Amino acid sequence: MRMTNSQANGCFSMLRDPRTWLLFGFIASIKFMLFNSYRSTDFEVHRNWMSIVYNLPLGHWYHSKLSQWTLDYPPFFAYFEWLLAKIASFVDPKILTLGKEEYFSKSTLYFQRASVVMADFVYFLGCASISSSFVSKEWAVGEKFIGRAKLSLFALLMLNPALILLDNIHFQYNGFLYGFLLLSIGSIARGDFLKGALFYAILLNFKHLYLYYAPAFIIFYLSWYYYWEESKGRVFSLMAILIGIFSLSFGPFLIEGIIAFNFKDGIRSSIGQILSRLFPFKRGLTHANWAPNFWAIYNFVDAILAKSIFYFSDNCSSTVALLLKKCPPTSEFTKGIVGEYSHSILPDVSPLLTLLIIVIILIATFWRFKDIEEYSHTDFLLISLLLSAYPFFLFGWHVHEKAILMLFFPLAILSIKDSRFIEPFSLIFIVSTFAQFPLLFTPIENYLIKISFIFGIFAIGIVISNYLWQINPSELIRCPVAKNLIKGILLGEFYALIGHKLVFSSNQYNFLPIMVTSVICSLTMIYSYLSILLAVFGINFGINIQKRKLHRKEEKILSLPETTQFDERSIRYIAGIDLSTSTNHPSFGVVGLTVLAYPSMKVVYCADETVLLSSLGGVMPYLPEYFAIKEAKPLIRVLRRHLKNCPKIDLIFIDANGKWHSRGCGLACHIGYELNIPTIGVAKKLNEAPLLLSGYCERDDLADIDREIDRKCEQSEGLATMFHINWNKSDKIKLPNVAVIRTNSSKKAFFVSVGFGIDFVSASKIAFNCIGKNSYNVNPIRLSDLRSKRRIEEIFDY
């Protein structure tokens, strides 16, 4: 696929939006204000790297051991440091002092802080590229929604609290690097696969951490580029780009080595030395602050078991204490120092074992994923990036907490388009910031910055979700497990900020707050990974679970005694509720609610809300007779929220079937049962399933039934007609009664059945009384239908 002119012109269309530049200026101003905040040892690391590449010849860059902060990033980053060093030499030559001792000055502070902000312009271009390219007219929505989606994605990426914390407080260049990733994905989204490969190759030669993505890019190019691209030289072009970039990166060092030694020794002295710096395996299973992955839980369980065994044993010579490798246990992993340590009771983990686990998971997931054909090429790439990076993060050797950002970016992009990824992304958005909090420990950062960032995380989520979908944020995270994990994260941070100091003295168990944060965040990460696997591979599994739950609930509903008498005089207020869905975003809908006084039919309350219909997303197949799986919960949530504010509702009309259902329990029954409010089901067409599944008739007989219903409707001489259908021809077939109502102004009848807590005669009578002049449905549903349709059009701008 070649990139058309329209695609080329649109690759940075966001740059034409003045709001983009205002947001960039706002973020830049925040970063400038953070210049004097706490700085980590990485600040001196990067200053020292500048001094190495400035003062030493190229062949010595990866050999220098003058400082403990040796150069351990790929060559492109070394060249980047060399460029910064050239600029720094004009600002303050002392910045480039080479030695064992740390050097710091105000000019050093301002120069290095400013270099991060300036380098972030690449990140700004990457955000603009992916926002312009990923959100397209292929979504088949209106221009206004496309504009909102582009700006929302751009803002979500730019307003990344974890990235600001890492780069502009702790001090690193992650934004600069992720800019190349976003440029790569943006290029691929436009169909420019070669440019996408170019940017990813550049990224790899800046930082080898992005090898986490390598399996995804390999699978993607084998699955799409090799078979899609029509050019005969496609493989040659791709290989030329890769070889060219890696030659530019490693070539100068190889030449230096060969000149200084012979060919064999030159390779070992240059490439071998660089690789030994890039992949040091003697730093231990986990980083000092325990990245939130599986091994954090492993360390935690080991520490708890060891302490418990030692506590309950009499002494180190007891039988129980023999389970310990060391007695008393030392809990070396809780020292907060990088290094190789042994576990106290659980088996030690080697780098080879972690790699084996990762390879097994990658093979299992990609072997299944490669056969899924429902995704566009961009979606395929983004999901592949997740399936690749997650195992590396959760089970990798010596994973840094900052590596969680590798999950943030693909999820952020996908969540704008596919609702299945909204909840996992929301969790990653929260965890990615909280996981960096252990890096902050000075008083002002530990309280002011952390608290500001916590409020900022939730403010960003609320504002963007409301701007894009006009949806209540509580709709985006509905699973109780996810909600409890978020509560746990907040409680864990409260303990780290305040609780620990109240319980223990200043020097006791200093690592415990970090452990608590890491373990809770680790559980959240594992849950998010399982959610993604379920979303990608487990749609049918999820549907089957939902069906079983639905059947159990229906058994309870059907076991209740039927209502035989209903006092119409007890009704003061009736309500109608209707759901309109987005054709092109089928996992979103708008619920319209109208409350009217009865029998005057005066509107006393109305509302509409955007809802997320199913966590299974838009790929959820059509499920006849199982609409309650998708629609019951959002309708109930909306009703419960508004029951607190509106007049007391005595009866609800539902735009769905009630007992006229193949299992005798339609959507109207479910809603009435959950709310304990009488309901009436009103359907726009006759549900054929009860007739066919009960054996009442064959499919060929349905046309005759429809003609008979039309004939009876035509016999009416008034403004509207209603008649009851009793389907029970014999004792063998028992079907619920249905009332057919049609006004003379409408050519279509609608069908009334009992929902919950009301008898059939009363239900049909009240429904007939709620018909308005020229109405195509009962008034409460008609008004709600108009509201919800108008609102869905406003949001998605058809």
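In this predicted model, the charged end of Arg39 sits over the ring of Phe43, at 5.8 Å from the ring centre. A second arrangement of this kind involves Arg663, whose charged end lies over the ring of Tyr626, 4.1 Å from its centre.

Aromatic rings also pair with one another. A pair of aromatic rings is described by the distance of the centres and the angle of the planes. The count for this model comes to 59 aromatic pairs. Two of them are set out below.

| Pair | Centre to centre | Angle between planes | Class |
|---|---|---|---|
| Phe24 and Phe124 | 4.4 Å | 40° | tilted |
| Phe369 and Phe537 | 6.4 Å | 90° | edge-to-face |

The tilted pair is formed by Phe24 and Phe124. Phe24 belongs to helix H2 (residues 18-33) and Phe124 to helix H5 (residues 106-134), so this pair ties together parts that are 100 residues apart in sequence. Phe124 has a relative accessible area of 0% and is therefore buried.

The edge-to-face pair is formed by Phe369 and Phe537. Because Phe369 lies in helix H14 (residues 351-369) and Phe537 in helix H20 (residues 512-537), the contact between the rings ties together parts that are 168 residues apart in sequence. The two partners can be described by their accessibility as well: Phe369 is buried, with a relative accessible area of 0%, whereas Phe537, at 23% relative accessibility, counts as partly exposed.

Helix H14 itself merits a description. H14 comprises 19 residues and reaches 27 Å from its first C-alpha to its last, close to the 27 Å expected at 1.5 Å a residue. The buried residues of H14 are Thr354, Ile358, Ile361, Leu362, Thr365, Phe366 and Phe369. Seen down the axis of H14, these buried residues fall within an arc of 115°, so they line one face of the helix. Leu352, Ile360, Ile363 and Trp367 are exposed on the other side of H14. Phe369, the H14 member of the edge-to-face pair, is thus among the buried residues of this helix.

A further site is centred on Ile454, which is placed in helix H18 (residues 443-469). With a relative accessibility of 15%, Ile454 counts as buried, because the limit for that class is under 20%. Beyond its neighbours within four places in sequence, Ile454 is in contact with Phe434, Phe437, Leu490 and Glu493. Ile454 and Pro161 are 293 residues apart in sequence, and their C-alpha atoms are 9.0 Å apart in space.

Conventions. Residues are numbered from 1 along each chain as its sequence is written. This is a predicted model: local features need pLDDT of at least 70, side-chain atom pairs count only at pLDDT 80 or more; totals for chains, interfaces and linings use all residues. Side-chain values use heavy atoms; hydrogens and water are left out. Rings of Phe, Tyr and Trp (its six-membered ring) pair if their centres lie within 6.5 Å; planes under 30 degrees apart count as stacked, over 60 as edge-to-face and the rest as tilted. Helices (H or I, at least four residues) and strands (E, at least two) are DSSP runs, numbered from the N terminus. Buried means under 20% relative accessible area, exposed over 50%, partly exposed in between (1.4 Å probe, protein chains only). A charge sits over a ring if NZ of Lys or CZ of Arg is within 6 Å of the ring centre and within 35 degrees of the ring normal. Contact means heavy atoms within 4.5 Å. The expected span of a helix is 1.5 Å times one less than its number of residues. The arc is that of the directions from the helix axis to the C-beta atoms.
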